[in-house]
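Visitor: I have not looked at this one before. Can you walk me through parts of it?
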Amino acid sequence: MKHSKGPLIDPRGVGQLRERFAELSASFVPEWRFDPENPDAGTALALIFINQMADNIGRLNRLYGKYHTEFANLVGVNLLPAVPARGIAVLQLASDTVEGVALASGAKLLGEGKNGESIIFETLSDIYITGARLRDLVAISPRLGKIIPIMNGPRPARLLSVMEAFEEEAPLEEISYTPAPFSLFDFDGEGIEKNAVLIYHSSILRAGQGMSIRIKALSKDGKNLAEDFANPKEYKLLLYGENGFISPDSVSLEDGALSLSHNTESKFLDDGGYVLCIEKKTAPQDDIILSEIRLCTLCDETPPAFVMHNSDEQPVDKFLPFGETASLYDECYIGDDRLFSQQGADISLSFHLSSQQKLVTFTPKQEEAELKVIKRKPRAILFDTADTCPEKVSFEYYNGIGWKNLALKSELSSLFDGGFEGTFNIDFVCPDDWQPITNGGFSARMLRMRILQADNCYLQPCIHTMPVISDLRIKCSYEGEWKLPQRLETVCGTIKRNHTDKVLSRKDFPVFSPLPYGCDAVYMGLDEKPKGAPVSFLFDTAESVLPSTSPLTFEYSTISGFKPLKVIDGTRGLARSGTVLVLPPNDFAAFPVEGVSHFWLRLTDTSGPSPKRSRFRPLIKRLLMNAVDIINRETLPEEDFFIDVSSPNMAFPLAAKNVYKAKVYVSEMPLHSPAAMEQMARQMPDKVRIIYDFLGNITSFFVLWEEVESFDVSRPSDRHYIIDRAESTIIFGDGVHVMIPPAQSGAAFTVSALCCDGQAGNLPAEAVSAVFEGGLFLGEVYNPIATYGGSDLESVMSAQNRAASIVCGRNRLVSELDFVREVLSYSDAIEKVACISGLDIWGKQSTGTITIAVMLCDYSDGAHSFTGLHDGLKARLLSRCEATVSPEDMNLCEPSYVRVSVDVWIQVENASHSFEAQNLILDSIRDFLDPLAREGREGWEMGVLPTDTQLRQMLHSLRFEGRITKFIVTARYIDESGAHETALDHLPKNPFSIAINGEHRVFMELDNH
C-alpha cells in the first residue's frame, strides 16, 4: 500500500528556508551577502544546502503517513477494490421483425462516458425481449368495492345503454403503454365501479305528479329488503328522467313496501320502458339474493292532462264533452299519457255530470224561404219543436292500428242522454296495447268518447240536451295486484348482467354482490402471450423505503382463473426500485377481468385490512417491460500463468487494470492422485474443472481458489491468494502457512479478471444506448435511470481509517460505534450513519432490532445507490457481528427523510432587484438545509432537524434590496401509514430523521412606499 499524507512535522518549504537562511547569514557573517538572484560560490553552496534540507523535511513530514501505512499493512489491510456501477437497461424489439429475442446473461451494452469514452456494461441475467406490451393496468379492491384504472383498463360502469351510446360519441383517448406514476394499492381515489340493480317496466315506474311507486322485495331467507333499501346511508334510489338519473322527491316505507314519489316525469326508454335504479353506496361483503320483487303504482285523483272536443281543446275543470249541440260521431278526447300507460292497472275516471239545453231553430231567412209557397193560404202554419241528446256513446282507445272499444266494468253507453245527474265513475282495466296518438297538437294516450246515436239531432227547431262534465279526476291503482318487473339487470363493478328470466320464472337471483376477486390487487394486462422466458418488468419507485411494506404475491391468469406465479423479485416486495423476472407458465392464458380479456399478471396485497400492519405504499414512477439489470464490468478472456519453480510469496502482474473481482483456477494435478481428484470433483463440482481424454484419463485438473485480504488467518490447507489492485498483481503465500501453486510443465493457474470503470461508470439516464454485439432484431436500447454506485479503488486514507477501526473493535462488531465505523469504512459514497438498537426506523421501540440508517452522498438521485450496496453491506455486518443477530433483526435502510419546503414573501423597492433577491434567498435556503458535509460545515446530523427559529434567523440575516414580510415552512415525511405534511415544529421525534431540501418558492411584490 502506498503511503498517505499525515500531519506536517515541519511545515517549511524552500522559500521559507531561503528567508530563514538570509536572516541567519546576516547575523553570523554580515560581511557576506546571500543573493540568490546573483549567486556567488557561497550562495550556490547555500542553495544546494537549502534544497537538500527541503528534501529531508519532506521525508520527515511523510513519516507519520509511512507509520500509519505500515500500521495498516501490519493489520493486513489491503485497498478495497473499485465498485462497478449498476443500473437497469430497457431493450425494445425492432418493429415488424420477430416476436421476441432471447438475450443471454453477460451480453455487452455500450454507454458513453463524460469524455466520450466507451463504458461497457454486462447484463446480469437472461432475459427474453418480447413484443408483448403492457396494455392495461387496473387496481381492484374487493374489500372496498373499488375499480381504479391506472392505465387504459375497463370502461367506467354505465347503468343504461343509452348512456353508453351517448359517451361513445366522444373521441376515445389514445391508447397508452406507459402508465403515469401511481401508488401501489392506493384506493383513496374515485373508482369507476357501480353496484346497482336496474328494474324496468313499461308503465308502473312512470313517475309524475300525485303518483307513487311501490316496491316489495324479499330476500332468499325471507327478509324484507324494502326496509334496507329505504336506508339512505346504504342505498341510493334513482329514477331516469330527461336529464339522466335523479333522486325521488320522497322515499318512505309504507306497509312493508318501499314508496317513491317524484313530481317530474320519467323518461321512457325505447329498449326497456321506464327504469328505477337501486344503487348500493357501500361495497357488499356477501351476496344479497332476492327471491321475489314486485311493483305497483298508486296515484291520487288528478285532473287529466288535456280534454278536446273533436280537435278543439277544452278547459279541464269544466267542459262540454260533445259541445252545445249533438252531432253523430262527435268526439271527446280525454288525454293523460302517464296514467293511461299503466298497463293492467285499475283506472277510474270520476266526475260530476250535469246537462244544459239549447234550442236550435231556423234563422229569419230560413223561415221566410220555407213559407214562400204557402203565403196565400188564409191560416197560419205552426212547427213542432224536437228533442235530442247523446243517446248512445262509445268508449274507445287506440291500440296502434285503430280505435278499439274499451272494456268498461259497467255499461255506460247511455250515461249522457240527459237522464242522469250527479257524480259518476268510469272504471276499466288499462289495456296492455294502449298506444299514443296525435290529435289537435297533442300526442299521448287518449280515451275517446264518441256519439253513436242522437235522434232528431239534425231537426229544427230542436232542443239539444248536452252533458256538462266538471271536476274530472283520474285515479290509478292496482287494487293489491303487484306486478313483476318486465326486465331486471344488475351491475357489479363494470359488468352488467340480465336476470329477467330468473325474475319471470320466480327463481332466486343476486342483486348485489362483492367484486369476484380475492385480495386487493393490481392487474397488469399484456396484449399477447410472451413466446419465451424470462420476461422482465422494471418497477421504479419514487421514494426509498423503509424496512417493511405489505407482503406481495404474484399470480398469472389461466382459462379458469389465477394461479400463483414464481418470480425473481429484485424489488423485495416493491420496497425498492428493481426488476421482477417472470417465467410465464405454459397454461398462461387470456382471462376476462371486468370484461377485458388479456394475459393478466396480478400483484396481490396479502396484508389484509388490519390497521396494525405496515400500510406504506410505494409510489411507482415507472413500470416498463423488457428491463434487465446491468453492471459496469468487462469479463476478460482467461490469462494463463506458468511456474517453473514454485517459491514463497510469488507475485504475478495481471494484464487487466481496475480489477474488482477475479476467478483464479489453480492446476493441482501434481498434488493429487486420480482417485483423489475424482473424489474432489464429486464433492465440490462447482469449484473443480476436470478434463478427460478419450481413454478416460484425467488430463487437466483445476481448482477454484479464494481471495482473502491477508494470510494471517489462513491455514496450511487453505487455497488463498491476494490481489494488490493498486499494482494489478496477484500474490500467493509462503507455501507453509497457506498453499501455493505447484510448479509444472503446463499452465499453473488461470485468471479470469472482471474489470470496471469505477466512478466513471456512473452515467446519466439514456447514456447506455447500444448493444456491443448480438443486437440483431433489437431496436431502442436505453437506461431509464442513471447508473449508480460506481466508486474507484479505495483511498489510502480510507484504508488507514479502516485499519484503525479493526484494531479498535478487534475486527468484531459489538457496540453501536463499531457498527458506525464499519459502515463508514465500507464505501467512500457513504456520508452519514446512525445505529441504534431497540428502535425501528420510525423511532419506535422494537426489542431485539438493530436499525442502521445509511445516507449516501448521492441520496438526492434516489435510492438506487443504496439498493446497490445494501446486500453486500448487510452481509458484511452480519458476518462480523459478535452477537447472534438474525437478518430479520438487522434493519439496514435509508434515513427517514424530512422534505422541508419554504415559501417566502418579500417586498422590493425596485423590480430590477427582484431576481437577484429571489436567487439569494433560494440559494441560502438550499445551502442551509443541505445535509451533506462540505468545507466549512458538517451538515445536519441524523435526528437533528432545523427549527423555525433557526430558519427565521438565517433569512433575516440576508442582505438584499428589500425585506421579508413572512415565510411558511412545511415538512413532509413518510411513516408506516403513508405520507404526511405538517409544521416543522410538529414533527414527531425520530433519531433517524434528517432534513433535506423540498420545493422552495419566493413570492415578490413591489413596495409602493
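Guide: What follows is a short talk about two sheets, some helices and a loop. Keep in mind that this is a predicted model.

Visitor: Start with the sheet that holds E55. What is its strand order?

Guide: The order is E55-E56-E57, in an open sheet of three strands with mixed pairing. Strand E55 (830-839) and strand E57 (890-893) are the edge strands, and each pairs on one side only. On average, neighbouring strands of this sheet are turned by 15 degrees against each other, direction ignored.

Visitor: How many bridges are there between E55 and E56, and in which sense do they pair?

Guide: Eight bridges, in the antiparallel sense; strand E56 covers residues 845-856. As for single residues, Lys832 stands opposite Met855 in E56.

Visitor: What holds paired strands together in general?

Guide: Strands of a sheet pair through backbone hydrogen bonds.

Visitor: Which strands does helix H10 lie across?

Guide: Helix H10 (residues 816-824) lies across E55, E56 and E57, and runs at about 150 degrees to E55. Helix H11 (residues 864-880) packs on the sheet too, touching E55, E56 and E57. The direction of H11 makes about 150 degrees with that of E57.

Visitor: Stay with H11. How far does it reach from its first C-alpha to its last?

Guide: H11 has 17 residues and reaches 25 Å, close to the 24 Å expected at 1.5 Å a residue.

Visitor: Where is the kink in H11 centred?

Guide: On His870, and the kink is about 40 degrees. His870 is also one of the buried residues of H11. Others in that list include Phe866, Leu869, Leu873 and Leu877.

Visitor: New topic. Where is Pro648?

Guide: Pro648 sits in the loop between strand E44 (639-641) and strand E45 (651-653). Leaving aside residues up to four places away in sequence, Pro648 touches Gly733 and Asp734.

Visitor: And how far apart are Pro648 and Ala217?

Guide: They are 96 Å apart in space, C-alpha to C-alpha, and 431 residues apart in sequence.

Visitor: Now the other sheet, with E18 in it. How many strands form it?

Guide: Six strands, in the order E18-E17-E20-E28-E23-E24; the sheet is open and the pairing is antiparallel. At its edges are strand E18 (312-314) and strand E24 (403-405), each pairing on one side only. Neighbouring strands here are turned by 35 degrees against each other on average, direction ignored.

Visitor: How many bridges join E23 to E28?

Guide: Six bridges join strand E23 (residues 392-398) to strand E28 (residues 446-453), and the two run antiparallel. Lys392 stands opposite Gln453 in E28.

Conventions:
Residues numbered from 1 in each chain as written. Predicted model: local features only at pLDDT ≥ 70, side-chain atom pairs only at ≥ 80, totals over all residues. Heavy atoms only, no water. Pairing = 2+ DSSP bridges. Helix = DSSP H or I, 4+ residues; strand = E, 2+ residues; numbered from the N terminus. Axes fitted to C-alpha atoms, helices over the stretch in contact; angles between N-to-C directions. Contact = heavy atoms within 4.5 Å. Expected span 1.5 Å × (residues − 1). Bend = angle between axes of the 7 residues up to and from the residue. Buried < 20%, exposed > 50% of the residue type's maximum accessible area, 1.4 Å probe, protein only.
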